[in-house]
Every structure is written in C-alpha cells, then in structure tokens.
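Work through the exercises below with the structure open beside you. Try each task before reading its solution.

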Amino acid sequence: MSLLPKAPKLHHVGVIQPDLEAAEAYAALFGQEEEYRGYVEPFECWCIFLKCPPGGTAVELVVPTGGPLAKFNRGAGGLHHYAFETPDLAGLMAEFAARDVRMLEETPVKGAGNFLCNFVHPISTRGVIVEYIQPL
C-alpha cells in the first residue's frame with residue numbers, strides 16, 4: 001500500500017519573511033493572528049504559524065536567522081513551500097527512496113509545531129518545494 005494518498009491533506013503554506021518585523025506586518029495586513037511559533041535549528045529559522053479556522057490550511061511565516069533561507073529570493077522572501085500531511089514520514093521517505101526521489105534531509109526533523117517534517121528535494125520536483133509533515 002502506498003503512503004502517497006491521492007488527495008493528501010494540505011497542512012500549511014510557507015512564506016519566507018526577511019525579518020520578524022516584516023512577518024508581523026504581513027500578519028497585520030491580512031488581519032491574522034499568531035497561533036504559535038518555534039525555532040527550527042537545522043533550518044536556522046523561526047516558524048510562525050498563523051491562526052486558521054478549523055479544517056482550514058495554516059500559513060507559516062518563515063523568518064531565517066542565517067543559512068540558505070536568508071538568501072531566498074535574494075533576501076526578499078516570498079512563497080516558499082506547501083506542506084502535506086502523512087501518517088508515517090519515515091515510511092513515505094522509504095517509498096520515495098525506492099523511486100529514486102531525494103529528500104532534503106536523511107532523517108525527519110522536529111518541526112516548529114507538534115510534528116516531524118522533511119522536504120522533497122527541489123531537484124526531484126523541478127524546483128517546487130514540497131514538505132511532508134507527520135503530526136505527533
């Protein structure tokens with residue numbers, strides 16, 4: 001049985017912001033409030049999840065503190081990725097590996113929320129950045 005559902009649940013959309021002030025201005029522009037935030041050391045960034053209605057899709061504002069994300073779109077930020085849910089991230093990664101689809105990390109990373117995450121390497125998607133998360 002494949003772990004790739006035909007219609008996976010969209011968990012969130014990630015938008016890179018150049019700094020915390022820009023993230024706050026983005027949220028205010030659209031009348032949104034912060035749900036929670038956390039720092040993800042391997043990716044060197046703050047991840048700020050905005051509140052969304054039940055059953056909706058969250059917006060994650062990603063604020064790099066260094067590393068390659070700080071240079072995304074020449075430092076201006078912008079739409080970065082979309083994230084799907086999976087019940088078994090390690091199993092999904094093994095399934096992708098069997099199909100020669102690369103992941104960004106060798107093992108899942110603890111995300112900013114109560115989930116594990118990993119990204120399909122953009123070389124496998126013609127530059128589209130896709131994240132998979134496993135709720136804990």
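**Exercise 1: a surface patch**

Locate Val 128, then decide how open it is and which patch it joins.

Solution. Val 128 sits in the loop between strand 7 and strand 8 (130–135). Helices (H or I, at least four residues) and strands (E, at least two) are DSSP runs, numbered from the N terminus. Next, the cover: Val 128 has a relative accessible area of 37%, so it is partly exposed. The scale is this: buried means under 20% relative accessible area, exposed over 50%, and partly exposed in between (1.4 Å probe, protein chains only). Last, the patch: Val 128 joins Leu 10 and Tyr 82 in a nonpolar surface patch with about 210 Å² of accessible area together. Patches are made of residues with over 30% relative accessible area and no salt bridge; like charges are joined within 9 Å, and nonpolar side chains (Val, Leu, Ile, Met, Phe, Trp, Tyr) within 5 Å. Accessible areas come from the Shrake-Rupley method with a 1.4 Å probe; for residues, only the protein chains shown count as cover.

A note on the model. This is a predicted model: local features need pLDDT of at least 70, side-chain atom pairs count only at pLDDT 80 or more, and totals for chains, interfaces and linings use all residues. Residues are numbered from 1 along each chain as its sequence is written, and side-chain values use heavy atoms, with hydrogens and water left out.

**Exercise 2: the sheet**

Give the strand order of the sheet and name its edge strands.

Solution. Start with the order: 8 strands form an open sheet, 2-3-4-1-5-8-7-6, with mixed pairing. Two strands pair if DSSP finds at least two bridges between them. Now the edges: strand 2 and strand 6 (109–110) each pair on one side only.

Which strands pair with strand 1, and in what sense?

Solution. Take strand 5 to begin with: strand 1 and strand 5 are antiparallel, over 6 bridges. Here Val 13 is the bridge partner of Tyr 82, and Gly 14 that of His 81. Then take strand 4: strand 1 runs parallel to it, with 5 bridges. In this pairing Val 15 stands opposite Leu 61. Finally, check the cover: 5 of the 7 residues of strand 1 are buried, so the strand is mostly covered.

**Exercise 3: the cores**

How many residues does the largest nonpolar core have, and which strands supply at least two each?

Solution. The largest nonpolar core has 17 residues. A nonpolar core is a set of buried Ala, Val, Leu, Ile, Met, Phe, Trp, Tyr and Cys residues joined through side-chain atoms within 4.5 Å. Those with the most contacts inside this core are Val 40, Phe 43, Cys 45, Cys 47, Phe 49, Leu 69 and Cys 117. Strand 3 (45–50), strand 4 (58–64) and strand 7 (115–120) each supply at least two core residues. A second, separate core has 10 residues, including Phe 84, Leu 89, Met 93 and Met 103.

**Exercise 4: a glutamine in a loop**

Is Gln 17 buried or exposed, and what does it touch?

Solution. Find the place: Gln 17 is in the loop between strand 1 (10–16) and helix 1 (20–29). Read the area: at 8% relative accessible area, Gln 17 is buried. List the contacts (heavy atoms within 4.5 Å). Leaving aside neighbours within four places in sequence, Gln 17 is in contact with Ala 22, Ala 23, Tyr 26, Leu 61, Val 62, Val 63 and Pro 64.

**Exercise 5: salt bridges**

Find the salt bridges and give the N to O distance of each.

Solution. A salt bridge is a side-chain nitrogen of Lys or Arg within 4 Å of a carboxyl oxygen of Asp or Glu. By this rule there are 3.

- Lys 9 and Glu 85 meet at 3.5 Å. Lys 9 is in the segment before strand 1 and Glu 85 is in strand 5, 76 residues apart.
- Glu 33 and Lys 51 have their closest N and O atoms 3.2 Å apart. Glu 33 lies in the loop between helix 1 and strand 2 (34–40), Lys 51 in the loop between strand 3 and strand 4. Lys 51 is partly exposed, at 40% relative accessibility.
- Glu 34 and Arg 37 come to 2.7 Å. Glu 34 is partly exposed at 35%, and Arg 37 is partly exposed at 34%.
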